[in-house]
Amino acid sequence: MRIVIAGFGSVGRSLVSHIVERGLYEKFRIVAVLDSKGAALNFEGFRKGELRELLSTPRGGASTLEKAGRPGYTLIDVLAEVPADVLVELTPSDYETGGAGLSHIRTALHYGLHVVTANKGPLVVAGKSLLEEAETRRVKLKFRATVMGGTPLIPLISSLRHSLVELEGVLNASTNYLITRVEEGATFDEAFKEALRLGVLEADPTLDLRGIDPAAKLCILALVLGRELRLSEIERDEVGEGIEEAVATASSRRVKLRYVAILHLEDGVWGEVRLKEVKAGDLLASVKGLENGVKLRTRENEVFMKGLGGGGRATAEGVLEDLMDIYEEGFRGPNTLATRE
Ligand SMILES: NC(=O)c1ccc[n+]([C@@H]2O[C@H](COP(=O)([O-])OP(=O)(O)OC[C@H]3O[C@@H](n4cnc5c(N)ncnc54)[C@H](OP(=O)(O)O)[C@@H]3O)[C@@H](O)[C@H]2O)c1
């Protein structure tokens, strides 16, 4: 299966590392890698040594690779030259316009490629129309790594879509890290600096602190359930220095503070992101540090799931699962511009 990877940062590089480490480069032939400066191409698929060389390039350096490098190339340039079956879209999330990711996904679907993405922006801005376009083109659009990284919440909720009535979860790992570090005695400022050092905050931390990231995840979960929810409709509390006092108050009441995203599915669909006190024995209280955890309430049951919320390697593992699914379900689709050989 011939794969183009757009976005060669933390997740893109982790994906290539997994493919090298697991010896999957014959099954998954990476024919192009794009970053913001250009691309590296190989019609046959990069061999193990070349993938290692790509991994050793600095950020923004894919197009500097000897022979394969194509400075200034965009996805359209790449697809006009290299036959491909799947686009893996891993550029930064943009919740206003969908960013480069949205135009990459539209281009790929237009050319008949399957798409796997961890990029939330395009799904929040245009998820329904992208899914419709994929269906029309008879290709797959998979995005399990957009929510909870490598922890398979999306496959789980799609299996509960007829009975789920409410979802309540800690869906943003970096704010959970801040809150649980403050619980352990750090100041907000110290915890924030630690989170920056660990690289767990979004490039624009206000996406985490203002609850835009967890709200975006609620929009994607609603999409999986066939419901429509706009980011602007979701009410959000914000995380800031005030959590020091809120954590102390919660502690004096023997409860825990958690930043909880809630999707209500009875009487329409609506979402909210709240700083909420939960009982010490509540399953959400057990979600600590960089973990995510979610309670799913169905008509007759309550299911709880917890795991790493993100990180390059865990997220890339989710991307790899989607690629495996496409490979096993049959990836030969209507084909690309360049495949009109
Ligand atoms: N990291 C996580 O834990 C995690 C978890 C779940 C979902 N996600 C989502 O996964 C996506 C990737 O995350 P990441 O952490 O890997 O981000 P990242 O480290 O910032 O990498 C982004 C990559 O996209 C490239 N890029 C930017 N604009 C581009 C364009 N117009 N054309 C081609 N490439 C472009 C960047 O190029 P340069 O290298 O030249 O800068 C970089 O290689 C994001 O949408 C993120 O929200 C991430």
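I take contact to mean heavy atoms within 4.5 Å, and I keep that cut-off for the entries on how the two domains meet.

Before looking further, I note that this is a predicted model, in which local features need pLDDT of at least 70, side-chain atom pairs count only at pLDDT 80 or more, and totals for chains, interfaces and linings use all residues. Residues are numbered from 1 along each chain as its sequence is written, and side-chain values use heavy atoms, with hydrogens and water left out.

I looked up the division first and found domain 1 (2–150 + 313–339) and domain 2 (153–309), with bounds that come from an automatic or database domain assignment. Their centres, taken over C-alpha atoms, are 28 Å apart.

Turning to the contacts, I found 15 residues of domain 1 touching 24 residues of domain 2.

I then looked up the buried area (the accessible area, with a 1.4 Å probe, that two parts lose on being put together, summed over both). It comes to about 1,500 Å² between domain 1 and domain 2, with 80% of it on carbon and sulfur atoms. On the domain 1 side, Tyr-95, Val-147 and Met-148 supply 46% of the area buried against domain 2, more than any other three residues.

Last, I checked for salt bridges (a side-chain nitrogen of Lys or Arg within 4 Å of a carboxyl oxygen of Asp or Glu), and the count between the domains is one. I also noted that the side chains of Asp-213 and Lys-120 meet in a salt bridge, at 3.5 Å from N to O.
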